[in-house]
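The exercises below are meant to be worked with the sequence and the coordinates side by side. Each task is followed by a solution that proceeds in steps.

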Amino acid sequence: MTQTETGAGPGRRVSAARERLLRTAGQLFYAEGIHTVGVDRLVAEAKVTNATFYRHFRSKDDLAAAYIESVDQAIRAQIGSLTGTDMPADGILRGIGASLVEQIRSPGYRGCAFLNAAAEFPDPDHPVHRAVVQHREWFLRTITGLFAGIADTSAEHAGRHFVMLRDGAMSAGYLGDPVLAGETLLRGIEGLLRIHTAGGLDEGAAATPGQSPPAHTAPTAVPGIECSPPGA
């Protein structure tokens, strides 16, 4: 049975046509850029009519904002499922790093969907730009909270540092060598965790310069934390 569009609120059914439009838009926008893909092509590849498109989205910009929000929601749900478990904060942070490395090295990788969209929509009042900023504010708060779970000292600094490492690696992985970018990201996260953990210890228990970091198991990538749409 074909689903009908009755809105996006809790408990409401979403049309198959809307989901197909959103999925098609996500793949094309990520691969080619939002401005280069027109409504006619979106309609043709999603196999819907113009009337169906405008019944669900007021404009292409409205669809672009929905695309960014869908990627944001997927990431929020996945990280939220982890923070509600007994997994230690450092394990979650390493897992996020490992998942980013997998994404950077994957076929068809074209950088971060959020950074790409922000570059295409520089106006801070545009809905797409606002959606990007809202995601990044949430991500920074979440990462900072994880560092605070390890040690309150300098958690905000560590969170900002992590996000900058992530941004740099995702750009370098697209423009340069993805293997080197991934390795650099993981080393950076490991060093950040070591410094942050040492900063939270009593002065007498802090690691001495040159001391080897504590052993840990290799990080396991966290599935579903991807700054690109599914299937892109």
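**Exercise 1. Aromatic pairs**

How many aromatic pairs does a search of the whole structure find?

Solution. The model is a predicted one, and the search of the whole structure finds 5 aromatic pairs. The rings of phenylalanine 53 and phenylalanine 57 have centres 6.1 Å apart and planes at 50°, so this pair is tilted. Both phenylalanine 53 and phenylalanine 57 are buried, and Phe53, Tyr54 and Phe57 form one aromatic cluster. Another pair is made by phenylalanine 147 and phenylalanine 162, with 6.2 Å from centre to centre and 65° between the planes, and it is edge-to-face; the cut-off to apply in this step is that planes over 60 degrees apart count as edge-to-face. This pair links distant parts of the chain, since phenylalanine 147 belongs to helix H7 and phenylalanine 162 to helix H8, 15 residues apart. Phenylalanine 147 and phenylalanine 162 are both buried.

**Exercise 2. The overall chain**

Determine how many helices and strands there are in the chain, and what part of its residues is buried.

Solution. The chain has 9 helices and 0 strands, which, read along the sequence, gives the pattern α-α-α-α-α-α-α-α-α. Of the 232 residues in the chain, 41% are buried. Among the contacts with a separation of 6 or more, 70% are accounted for by residues 24 or more positions apart.

**Exercise 3. The crossing of two helices**

Describe how the axes of helix H4 and helix H6 cross, and list the residues that make the contact.

Solution. Begin with the geometry: the axes of H4 (residues 60-83) and H6 (residues 113-120) come within 11 Å and cross at roughly 155°. Angles over 145 degrees count as roughly antiparallel, and H4 and H6 are therefore roughly antiparallel to each other. The handedness of the H4 and H6 crossing is left-handed. On the H4 side the contact is made by Tyr67, Ile68, Val71, Asp72 and Ile75, and on the H6 side by Ala113, Phe114 and Ala117. Sorted by class, the contact of H4 with H6 has 7 nonpolar, no polar and 1 charged residues.

**Exercise 4. Positive phi in two loops**

Locate lysine 47 and serine 154 in the chain, and state for each whether it is buried, partly exposed or exposed.

Solution. As background, most residues other than glycine have a negative phi. Lysine 47, although not a glycine, has a positive phi of about 60°, and its place is in the loop between helix H2 (39-46) and helix H3 (50-56). With a relative accessible area of 68%, lysine 47 is exposed. Serine 154 also has a positive phi, near 60°, and lies in the loop between helix H7 (127-150) and helix H8 (155-175). Serine 154 has 45% relative accessibility and so counts as partly exposed.

**Exercise 5. The surroundings of a histidine**

Which residues does histidine 196 touch, not counting those up to four places away in sequence?

Solution. Histidine 196 sits in helix H9 (residues 178-199), and at 5% relative accessibility it counts as buried. Not counting residues up to four places away in sequence, histidine 196 touches Phe147, Ile150, Ala151, Thr153, Ser154, Ala155 and Ala158. For alanine 155, which is 41 residues from histidine 196 along the chain, the C-alpha atoms of the two residues are separated by 7.7 Å. The list also brings back Phe147, a member of the edge-to-face pair with phenylalanine 162, and Ser154, the residue in the loop between H7 and H8.

Technical notes
Residues are numbered from 1 along each chain as its sequence is written. This is a predicted model: local features need pLDDT of at least 70, side-chain atom pairs count only at pLDDT 80 or more; totals for chains, interfaces and linings use all residues. Side-chain values use heavy atoms; hydrogens and water are left out. Axes are lines fitted to C-alpha atoms, for helices over the stretch in contact, and angles run from 0 to 180 degrees between N-to-C directions. Helices (H or I, at least four residues) and strands (E, at least two) are DSSP runs, numbered from the N terminus. Angles under 35 degrees count as roughly parallel, over 145 as roughly antiparallel, 65 to 115 as roughly perpendicular and the rest as oblique. A crossing is left-handed if the near helix is turned anticlockwise from the far one by less than a right angle, and right-handed if clockwise. Contact means heavy atoms within 4.5 Å. Ala, Val, Leu, Ile, Met, Phe, Trp, Tyr, Cys and Pro count as nonpolar, Asp, Glu, Lys and Arg as charged, and the others, Gly among them, as polar. Buried means under 20% relative accessible area, exposed over 50%, partly exposed in between (1.4 Å probe, protein chains only). Rings of Phe, Tyr and Trp (its six-membered ring) pair if their centres lie within 6.5 Å; planes under 30 degrees apart count as stacked, over 60 as edge-to-face and the rest as tilted.
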